[in-house]
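Visitor: I am new to this structure. Could you walk me through it and explain the terms as we go?

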Amino acid sequence: MDLKNQVIKQAKNLGFDLISFSNLSVDDDTKKYYLNWLKKNYNASMQYMEKNIELRFDLNKLFNTYKSMIILSLNYYQPTQKDNLGENISIYAYGRDYHKTIKGKLKKIINFLKENNIKARGFTDSAPILEKYFAEHSGIGWQGKNSLIINKKLGSYFFLAEILTDYDFGQKELATNHCGTCRKCIDACPTGAIVADKIIDSNKCISYLTIEHKGNIPKEIKLNMNDLIFGCDICQQVCPWNKKVKLTKEQDFNFRYMDIQPKDILKLNEDDFNKLFQGSPIKRAGYEHFISQINRISK
Ligand code: SF4
Ligand code: SF4
């Protein structure tokens, strides 16, 4: 078996659902699109997105010996819970923090590559990599109007991770777009955050507002945030490509808060909160921010 197929086999054994390969170049249209998005302040307070622009556009500037990217996806889909905290949070936060789960898996692939004298470094949201661009250009899926990567079989409920290597794995084909005339995500977004095809204004997006935003939320938006307190899946829930997706096989992502209501969390002090959400993405939002979101829906 050649090296590429050995990597694919190992990644499948580790539970990754899709594995593909790309070179490291970014096209000019994507650069223009990204700069325009920043110019309009659609990144809101996420100033880190304005940093390392040159590196985002040319990974060789940082990793000049790397030639290829391995792109991996891991399904996290499970149905939305009813009558507990699961109703109020995005399903990506139901179980263990995906950064931790994916990091362990990447390490195994990286060790295998190193044993074969290949230099390799893994990332999951941890470097200025335009991961949606590479996912689309390696055929993992197309970027839907909701800006998420969609695969015909897997839908969009999956995490992306990347491994940069100095071995040339070649390039797969660009994914074709299957949104067609559909605009269900645009129509369903309660805050009007999808301002154009594939363009999200983070200032209006519930995911950003409930996770990263630390200040006040404008009243007109607050009124339309439903009862969401950590993330938002609405533009995924309505997408036709998510109607027949399979359950995740990753046990780390299993829902952990079966008997907990948001109001129960209001009774916790910070230590109890940290214990309850140990290892969860919710812990990253911080006690005060999470409590403020629960207070918002309790009024
Ligand atoms: S995550 Fe929610 S608020 Fe953000 S674009 Fe999708 S539907 Fe709109
Ligand atoms: S809801 Fe429709 S337009 Fe939106 S991402 Fe899915 S297929 Fe594309």
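**Two helices and a pocket**

Guide: Gladly! In this predicted model, helices α1 and α4 are roughly antiparallel to each other.

Visitor: What makes α1 and α4 roughly antiparallel?

Guide: Helix α1 (residues 3-13) packs against helix α4 (residues 98-115) at an angle of about 155°. Angles over 145 degrees count as roughly antiparallel, so the pair earns that description. Their axes lie 10 Å apart, and α1 passes α4 in a right-handed crossing.

Visitor: Which residues make the contact?

Guide: From α1 come L3, Q6, V7, Q10 and A11, and from α4 come K108, I109, F112 and L113. Here contact means heavy atoms within 4.5 Å. By class, six of these residues are nonpolar, two polar and one charged.

Visitor: Now the second largest pocket: what is its volume, and which residues are closest to its centre?

Guide: Its volume is about 460 Å³. Among the 18 residues lining the second largest pocket, D17, N75, L154, K246 and K249 are the closest to its centre.

Visitor: How many residues of each class are in that lining?

Guide: The lining of the second largest pocket has seven charged, six nonpolar and five polar residues. Asp and Lys count as charged.

Terms used
Residues are numbered from 1 along each chain as its sequence is written. Chains are lettered from A and ligands numbered from 1 in the order in which they are written. This is a predicted model: local features need pLDDT of at least 70, side-chain atom pairs count only at pLDDT 80 or more; totals for chains, interfaces and linings use all residues. Side-chain values use heavy atoms; hydrogens and water are left out. Axes are lines fitted to C-alpha atoms, for helices over the stretch in contact, and angles run from 0 to 180 degrees between N-to-C directions. Helices (H or I, at least four residues) and strands (E, at least two) are DSSP runs, numbered from the N terminus. Angles under 35 degrees count as roughly parallel, over 145 as roughly antiparallel, 65 to 115 as roughly perpendicular and the rest as oblique. A crossing is left-handed if the near helix is turned anticlockwise from the far one by less than a right angle, and right-handed if clockwise. On a 1 Å grid over the protein atoms alone, a cavity is a set of points where a 1.4 Å probe fits but cannot get out, and a pocket is an open set with protein on both sides within 12 Å along at least five of seven lines; lining residues have an atom within 4 Å of a point. Grid points are joined across faces, edges and corners, and a volume is the space filled by probe spheres set on the points.
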